[in-house]
Amino acid sequence: MSQKLRLAVFKFASCDGCQLSLLNAEDELLALAEQVEIAHFAEASSLLGAGPFDIALVEGSITTAHDAERIQQVRQSAKTLITIGACATSGGIQALRNWGDHEEFLRIVYPRPEYIESLATSTPISAHVPVDFELQGCPVNTGQLVGILADVLHQRQIRVPNHSVCRTCKLQGVVCVAVARGVPCLGPITQAGCGALCPRFDRGCYGCFGPVVQANAESLTDWLVQREHQSPAVLVPLLRNFNAQAPAFQASGDRLAAGEMNRGDMP
Amino acid sequence: MSDDSWTIRVGTLTRVEGEGALNVRLRDGHVETVELNIYEPPRFFEAFLRGRPLEDVPDITARICGICPVAYQMSAVHALEAALEIEITPEIRELRRLLYCGEWIESHTLHMHLLHAPDFHGCASGLELARLFPREVQRGLRLKKIGNRLLEILGGRSVHPINVCVGGFYRSPQPLLLQELIPDLEWGVTAAAEATRWVAGFPFPDFVRDYDLIALTPEAEYPFHARTFASSKGTSFSVAEYEKVLEEHQVPHSTALQARRRENAASCLFGPLARIHLNFEHLHPEARTVAEECGIEWPCRNPFQSIVARGIEVVQAFAEALRIIRAYTLPRQSRIPYEPRAGVGMAATEAPRGTLYHRYEVDEAGRIAQAVIIPPTSQNQQQIEEDLREYLPRLLTLEHAEIADHCERLIRTYDPCISCATHFLKFTLERDDSPHVPPDPSLPPD
């Protein structure tokens, strides 16, 4: 390859944790900088290069009218646009406003709400522009992030394992916290990538990597309600956190909140 | 249009966490207004926490900041435990201190090596700095990695750890896993001292301020969590009095609220310079030796030298981590069970960049009725503006781009975390007769 690929990192509404995951690749960081030109990465460098970029990593969700315009320009400047993390991929924790009253939220936090510009919704990047790949996680896994950059660098198809946290537990021989102890756990419907951290630390998965493909959230929540006698008061907040707006979690959380579930028809 | 008034508009402040701008207005050669404009979009944590189970608070508030999630988790659990009248065990408290050591190491070494040090050597980034100082930057990355490793063992992962809960930890770490870190931590004490001596030799602008330094002051240890504050002006107050002594107020140019003293609207400085001044005697001997021998007189009131203070605190964090791990045995219980009850609790802990205050009201069902969160960058924001106002006059003979550059450098010394309260700082310098140019945040350059 004669010319280095040009990498850009852009931030929208977020906590910076996913871009930090790139800076946390201490062993790979200097080597990566040899392989790609880090052309625009405000958290790490004062040299803010102009587009076009080969890869744009986008962190954060769209919560202001200005950001809704800015993401269009980012898309135009980038050959490959990859979203990193739950905010960019599903709207993040700040999407909880979608279930609340935005005006009231403004009043709760700010004495002078009129100074604040903010949209009533927090939406994922894919609601605004075409996205080439979505890396899930709150935060993303540093190894997976470096891996997908290597995929682009070597012109391979980007891929990360698309099985559930539940399967990671089985592979690691972790005792099932749901079956053995009745702890509500989203492991069966959550995308792997964390290394089954929560079950390994004796707690249920809280879904920070978002839904796995073909997640059957209805079946899981029915099982937790009927067999484990978990209440919607516990399960609705569990589904409505960092990926509240991811379709599988949203549908299931809304169904539980509305009191619609299949009662008693389980063996 | 007068001849002695003019406009500067410069790009983006970088190497900070979050998004903001700086607007400066000059009139007749004097600095009229300095506004640190934080336009990081609001995310409404204090609003959507209402009605949530209190158990969710440490995981949710961690997401305010990916750089200092442990600080949020620690202030949250201590405040909620105060509301629920839970007494944690000394063993749990020690493990919390250990977790905080990991975050101080990770956050301080990141800021020292990749964000701040480049300013003293004309570099745009830590990666560029690594070409000039390969050994030093590699050493910094290794120190940072050990901090992250500590967070992983104890917290599960370094960004948004999953092991912290109200009452303690979901699971106590196995002693062997922690003990395996001892050789790295021993290396870290020495290497962090070398790194501190390296940064202490940087060329610092001669800029000394009369700060009201405020930090937590525990009786017998260097602060992470305590119930008492002290000020360099000689006053002290309890965490319960925090909101009586300090207030948050809103300015039109910022989505972050600014903290100041309620009695006289005066600014204060929180963070490593304040902590070292008010807790010097509690530094570990290794950290104290570096502090005494690095050529800086304490109390240090030059914000540019905060990089040295961070280095000293990294030595402190390594030494403290070693102390805790050497004494550690598997505790009988990882957390204290509790029943929900209605109450109000507040707590403050020392995030890497300054004090972080939380207050929660919980209802009898264990749900959050009210949440108040005052992050470190809010605490320091007014001080940053005042420092800029004081610093700017000496810059005005420079080229516009250089003025902006020097202002950015000063802002960076606070390690501002604008996600907690910024990343892009756009800088505008305005003359009195020109129309106010609103910041045009973070457009990708074209």
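**Close-ups of a helix pair and a pocket**

**View 1. Helices α6(B) and α8(B) are oblique to each other, because their angle falls outside the ranges for roughly parallel (under 35 degrees), roughly antiparallel (over 145) and roughly perpendicular (65 to 115).** This is a predicted model, where local features need pLDDT of at least 70, side-chain atom pairs count only at pLDDT 80 or more, and totals for chains, interfaces and linings use all residues. Residues are numbered from 1 along each chain as written, chains are lettered from A, and side-chain values use heavy atoms, without hydrogens or water. In chain B, α6 spans residues 134-155 and α8 residues 182-200; they pack at about 135 degrees, with axes 10 Å apart.

**View 2. Here's where α6(B) meets α8(B).** On the α6(B) side, look for B:Arg135, B:Arg139 and B:Leu143, among others; α8(B) brings residues including B:Trp187, B:Ala191 and B:Trp198 (contact: heavy atoms within 4.5 Å). By class, this contact has eight nonpolar, one polar and six charged residues (Ala, Val, Leu, Ile, Met, Phe, Trp, Tyr, Cys and Pro are nonpolar; Asp, Glu, Lys and Arg charged; the others polar).

**View 3. The largest pocket holds about 840 Å³ of space.** Its lining counts 36 residues, and B:Arg149, B:Glu152, B:Gly156, B:Arg157 and B:Ser158 lie nearest the centre. (On a 1 Å grid with a 1.4 Å probe, a pocket is an open set of points with protein on both sides within 12 Å along at least five of seven lines; lining residues have an atom within 4 Å of a point.)

**View 4. Both chains chip in to the lining of the largest pocket.** From chain A, α6 (142-153) and α9 (197-200) each supply at least two residues, while α6(B) gives the largest share, seven. Sorted by class, the lining has 13 nonpolar, twelve polar and eleven charged residues.

Conventions: Axes fitted to C-alpha atoms, helices over the stretch in contact; angles between N-to-C directions. Helix = DSSP H or I, 4+ residues; strand = E, 2+ residues; numbered from the N terminus. Points joined across faces, edges and corners; volume = space filled by probe spheres on them.
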